[in-house]
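Please read the following report with the sequence and the model side by side. Each section takes up one part of the chain and names the residues to look for.

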Amino acid sequence: MNRIALIGIIVEDVAQAAEINRLLHENGEYIIGRMGIPHRERALSIISVILDAPADVINSLSGKLGMLKGVSVKTLCSRNEYPGTEKDKEEL
């Protein structure tokens, strides 16, 4: 079963951009949308990522992002669970 999740990311160390993009790319099949906004005055970026994914995928991605130096992460998940896609079922 999947949940809808919003991962909010604040990037204070722009050197982490490549690793953030790699992690997001690895989970691209679950990403519904993504928006990044640079805050030039503060020399940081804010990224929001919306996912439709199993809880373990959401938790893993959030944890990996949060372990990066200069990156802060918060995750909000839907209360309800939704059936996974056909692709999710094939992987099981």
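## I37 and the nonpolar patch

I37 is found in strand β2, where strands (E, at least two residues) and helices (H or I, at least four residues) are DSSP runs numbered from the N terminus. With a relative accessible area of 43%, I37 is partly exposed; buried means under 20% relative accessible area, exposed over 50%, and partly exposed in between, with a 1.4 Å probe and protein chains only. The model is predicted, and for that reason local features need pLDDT of at least 70 and side-chain atom pairs count only at pLDDT 80 or more, whereas totals for chains, interfaces and linings use all residues. Residues are numbered from 1 along each chain as its sequence is written, and side-chain values use heavy atoms, with hydrogens and water left out.

Together with I10, M35 and I46, I37 forms a nonpolar patch on the surface, and these residues have about 330 Å² of accessible area together. Accessible areas come from the Shrake-Rupley method with a 1.4 Å probe, and for residues only the protein chains shown count as cover. Patches are made of residues with over 30% relative accessible area and no salt bridge, like charges being joined within 9 Å and nonpolar side chains (Val, Leu, Ile, Met, Phe, Trp, Tyr) within 5 Å.

## The strands around β3

Strand β3 is paired with β1, to which it is joined by 10 bridges in an antiparallel arrangement, and also with β2, again antiparallel, through eight bridges; two strands pair if DSSP finds at least two bridges between them. V49 in β3 can serve as a point of reference, since I7 stands opposite V49 and R34 stands opposite V49 as well.

The hairpin of β2 and β3 has four residues between the strands, and in this hairpin A43 takes a positive phi near 55°. Most residues other than glycine have a negative phi. A43 has its place in the loop between β2 and β3, and at 52% relative accessibility A43 counts as exposed.

## Helix α1 and its two sides

Helix α1 covers residues 17–26, and I20, L23 and L24 are buried in this helix. Seen down the axis of α1, its buried residues fall within an arc of 100°, so they line one face of the helix; the arc is that of the directions from the helix axis to the C-beta atoms. What covers these buried residues includes β1 (2–11), β2 (31–39), β3 (44–54), α2 (55–66) and β4 (71–77). On the other side of α1, A18 and H25 are exposed.

Within α1, E26 forms a salt bridge with R22, the closest N and O atoms being 2.2 Å apart, where a salt bridge is a side-chain nitrogen of Lys or Arg within 4 Å of a carboxyl oxygen of Asp or Glu. E26 and R22 lie four residues apart in the helix, about one turn. Salt bridges that share partners join E19, R22 and E26 into one network. E26 is partly exposed at 43% relative accessibility, and R22 is partly exposed at 38%.

## The loop between β1 and α1

Which residues does Q16 touch beyond its neighbours within four places in sequence? Q16, found in the loop between β1 and α1, is in contact with L68, K69 and V71, contact meaning heavy atoms within 4.5 Å. At 15% relative accessibility Q16 counts as buried, whereas V14, found in the loop between β1 and α1, counts as exposed at 57%.

## Salt bridges between distant parts of the chain

The count of salt bridges comes to four. In one of them the side chains of R3 and E81 meet at 3.5 Å, N to O, and this pair links distant parts of the chain, with R3 in strand β1 and E81 in the loop between β4 and α3 (86–91), 78 residues apart. R3 counts as partly exposed at 22% relative accessibility, and E81 counts as partly exposed at 43%.

The side chains of D13 and K69 also meet in a salt bridge, at 3.1 Å, N to O. This pair likewise links distant parts of the chain, with D13 in the loop between β1 and α1 and K69 in the loop between α2 and β4, 56 residues apart. D13 counts as buried at 16% relative accessibility, whereas K69 counts as exposed at 61%.
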